Amino acid sequence: RRMELLSRLEAVYDAWREFVEQKYGGDIAAVQRAWGDSKYQDFAKLPFPSRRRAEEDSPLGRDIKEFLEKHREAAEEIEEAEEGGLAPTETEGLAGEGTREGE
């Protein structure tokens, strides 16, 4: 079950990367400027931030909120992952690959 959920999450993360790339016209520098963070160098490696960030009044928060509103199934997958302890963190694509927030 865990592997199935991880596989579904990868599809969500791919959809997130595609959403951001389209929104910013394929310009990673525009993402860096909007989000105020130069650590993002490549759309293909763009992590999905914590879903809680959607509550922030920031460009990143608004982007997450817009993505989750447009991709209801993705929002459900993320919620299930949170409940299963596999939620994305601020820095990793999958919490299982590193340390989960709050640990």
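In this predicted model, helix 3 tucks away L60, G61, D63, I64, F67 and L68, which are buried. These residues span an arc of only 160° around the axis, so they sit on the same side of helix 3. The helix itself takes in residues 59-70, twelve residues in total. From first C-alpha to last, helix 3 reaches 16 Å, close to the 16 Å expected at 1.5 Å a residue.

Stepping back, the protein has four helices and zero strands, and its elements run α-α-α-α from the N terminus on. Of its 103 residues, 41% count as buried. Among contacts with a separation of 6 or more, 57% come from residues 24 or more positions apart. The accessible surface comes to about 6000 Å², and carbon and sulfur atoms hold 44% of that.

As for the interior, the largest nonpolar core has 25 residues, and W16, V20, W35, F48 and F67 have the most contacts inside it. Two or more residues each come from helix 1 (2-23), helix 2 (28-35), helix 3 and helix 4 (72-83). Helix 1 chips in the most, with seven residues. F67 turns up twice here, being one of the buried residues of helix 3 and one of those with the most contacts inside the core. Setting aside neighbours within four places in sequence, V20 touches V31, W35, F43 and L46.

Not everything tucked away is nonpolar in kind. Q32, a residue of helix 2, is buried, with a relative accessible area of 18%, which falls under the 20% cut-off. Beyond its neighbours within four places in sequence, Q32 is in contact with D37, S38, Y40 and Q41.

Then there are the charged pairs. Side chains of opposite charge can pair when their charged atoms come close, and the structure holds eight salt bridges. In one of them, R17 pairs with D14, with the closest N and O atoms 3.0 Å apart. The two are three residues apart in helix 1, so about one helical turn separates them. R17 is buried at 14% relative accessible area, whereas D14 is partly exposed at 44%.

Another bridge links D57 and R62, whose closest N and O atoms are 2.6 Å apart. Here D57 is exposed at 71% relative accessibility, while R62 is partly exposed at 42%.

Back in helix 3, E66 and K70 meet in a salt bridge of 2.9 Å, N to O. They are four residues apart, which again means a separation of about one helical turn. E66 is partly exposed at 24% and K70 is exposed at 56%. Through shared partners, salt bridges join K23, D63, E66 and K70 into one network.

Conventions: Residues are numbered from 1 along each chain as its sequence is written. This is a predicted model: local features need pLDDT of at least 70, side-chain atom pairs count only at pLDDT 80 or more; totals for chains, interfaces and linings use all residues. Side-chain values use heavy atoms; hydrogens and water are left out. The expected span of a helix is 1.5 Å times one less than its number of residues. Buried means under 20% relative accessible area, exposed over 50%, partly exposed in between (1.4 Å probe, protein chains only). The arc is that of the directions from the helix axis to the C-beta atoms. A nonpolar core is a set of buried Ala, Val, Leu, Ile, Met, Phe, Trp, Tyr and Cys residues joined through side-chain atoms within 4.5 Å. Contact means heavy atoms within 4.5 Å. Accessible areas come from the Shrake-Rupley method with a 1.4 Å probe; for residues, only the protein chains shown count as cover. A salt bridge is a side-chain nitrogen of Lys or Arg within 4 Å of a carboxyl oxygen of Asp or Glu.
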